[in-house]
Amino acid sequence: MIVQMPGGAAPAPAAVGRPDRVTLAVYAQDLVLHIGIVQQLRQRPELELVSEGEADGAQISLVVVDSVDDEVTSLLQRLQRNTGTRTGLVVGTFESAALQRVIECGVGAVLRRAEADQDRLLHLVLALAKGEGVLPGDLLGKLLTHVGSLQRSALDPRGLSLSTLTAREADMLRLVAEGLDTAEIAAKTSYSERTVKNVLHEVTTRLQLRNRAHAVGYALRNGLI
């Protein structure tokens with residue numbers, strides 16, 4: 001069971017509500033873990049630990065667990081739905097297979113419990129508050145390997161990449177930017193109108209854009225056309 005702010009682990013009393021302090025909610029898999037983390041952080045002047053009733057308003061949610069199981073995943077998913085908080089994870093054992101799961105749950109920083117001294121915990125919380133991410137070096141390497149694998153298995157066979165457009169996509173977006181409609185683009189490129197529609201639909205879907213105009217704006221901002 002995940003516990004949070006049990007009796008005897010009160011927030012730091014000084015300067016409650018000061019805007020220069022990062023508000024923090026701590027969730028842990030048992031009372032011992034919770035008390036250990038709270039005791040390390042409660043006296044830090046940069047932080048304000050919040051009570052259970054105020055947890056949804058915390059800037060940072062710190063989840064402290066032995067491993068990532070279904071219960072922890074459910075908690076991380078619930079925290080992800082709270083767009084006002086960023087989530088960090090302090091974990092005892094961390095299998096490679098769990099990396100993608102926690103990233104999908106919106107976790108922005110991971111620290112192993114064996115390395116979780118006061119300074120590293122504080123660094124993790126403040127980095128999250130700045131919008132930064134924190135990963136142990138070996139996990140960062142695994143993440144980069146995973147991204148490379150995704151590129152090779154899902155995108156390379158289709159001539160795509162995570163950050164670029166195919167030559168055909170870029171050409172069609174340039175023509176959209178010039179004000180041409182589907183029929184005019186088809187005539188200009190010697191493709192059928194159906195192909196033009198499919199190519200532009202693929203771009204907007206893959207990049208999660210709303211429409212052709214949004215796709216053109218995205219491509220221009222990112223120097224893709």
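This report walks through a predicted model of one protein chain, from the overall fold down to single side chains.

**The big picture**

Let's start with the whole chain. Its secondary structure adds up to nine helices and six strands. The chain has 225 residues, and 42% of them are buried. Take the contacts between residues at least 6 apart in sequence: 67% of these join residues at least 24 apart. One pair that shows how the chain brings distant positions together is Gln77 and Glu104: they sit 27 residues apart along the chain, and their C-alpha atoms are separated by 8.6 Å. Gln77 belongs to helix 2, which covers residues 70-80. With a relative accessible area of 36%, Gln77 is partly exposed.

**Two helices that cross**

Now look at helix 6 (residues 167-177) and helix 8 (residues 193-206). Their axes are 10 Å apart, and the two helices pack at an angle of about 100 degrees. Angles from 65 to 115 degrees count as roughly perpendicular, so that is the word for how helix 6 lies relative to helix 8.

Which residues of helix 6 meet helix 8? They are Arg168, Glu169, Met172, Leu173 and Val176. On the helix 8 side, the partners are Thr195, Val196, Val199, Leu200, Glu202, Val203 and Arg206.

Two of those helix 8 residues, Glu202 and Arg206, also turn up in the next section.

**Salt bridges**

The count of salt bridges comes to eight. Here are three of them, with the distance between the closest N and O atoms.

| Salt bridge | Closest N and O atoms |
|---|---|
| Glu46 and Arg44 | 3.3 Å |
| Arg120 and Asp117 | 3.1 Å |
| Arg206 and Glu202 | 3.5 Å |

How far apart in helix 8 are Arg206 and Glu202? They are four residues apart, so about one helical turn separates them. Glu202 is partly exposed, with a relative accessible area of 25%.

In the pair of Arg120 and Asp117, Arg120 is partly exposed at a relative accessible area of 43%. Asp117 counts as partly exposed too, at 34% relative accessibility.

The pair of Glu46 and Arg44 is part of something wider: Arg44, Glu46 and Asp119 are linked in a network of salt bridges. Is Arg44 buried or exposed? At 18% relative accessibility, it counts as buried, because the cut-off for that label is under 20%. Glu46, at 27% relative accessibility, counts as partly exposed.

**A buried arginine without a salt bridge**

Arg21 tells another story. You'll find this residue in the loop between strand 1 (3-4) and strand 2 (22-28). Arg21 is buried, yet it has no salt bridge. Why does Glu48, the nearest side chain of opposite charge, not make one with Arg21? Glu48 is 4.2 Å away, and a salt bridge needs a side-chain nitrogen within 4 Å of a carboxyl oxygen, so this pair misses out.

What does the side chain of Arg21 reach instead? One partner is the backbone oxygen of Pro45, at 3.2 Å. Another is the backbone oxygen of Leu47, which lies 2.5 Å from a polar atom of the Arg21 side chain.

**A buried glutamine in a loop**

Gln29 also sits in a loop, this one between strand 2 and helix 1 (31-41). At 14% relative accessibility, Gln29 counts as buried. Its side chain reaches the backbone nitrogen of Asp66 at 2.8 Å.

**Two loop residues with positive phi**

Last stop: backbone angles. Most residues other than glycine have a negative phi. Against that background, two residues are worth finding in the structure.

Ser190 has a phi near 70 degrees, a positive value in a residue other than glycine. Its place is in the loop between helix 7 (182-189) and helix 8. Ser190 is exposed, with a relative accessible area of 67%.

Gln208 isn't a glycine either, but its phi is positive, at about 55 degrees. This residue lies in the loop between helix 8 and helix 9 (212-221). Gln208 is exposed as well, with a relative accessible area of 71%.

Key. Residues numbered from 1 in each chain as written. Predicted model: local features only at pLDDT ≥ 70, side-chain atom pairs only at ≥ 80, totals over all residues. Heavy atoms only, no water. Buried < 20%, exposed > 50% of the residue type's maximum accessible area, 1.4 Å probe, protein only. Lys, Arg positive; Asp, Glu negative; His and termini not counted. Polar contact = N/O pair within 3.5 Å; in protein donor to acceptor, adjacent residues only side chain to side chain. Axes fitted to C-alpha atoms, helices over the stretch in contact; angles between N-to-C directions. Parallel < 35°, antiparallel > 145°, perpendicular 65-115°, else oblique. Contact = heavy atoms within 4.5 Å.
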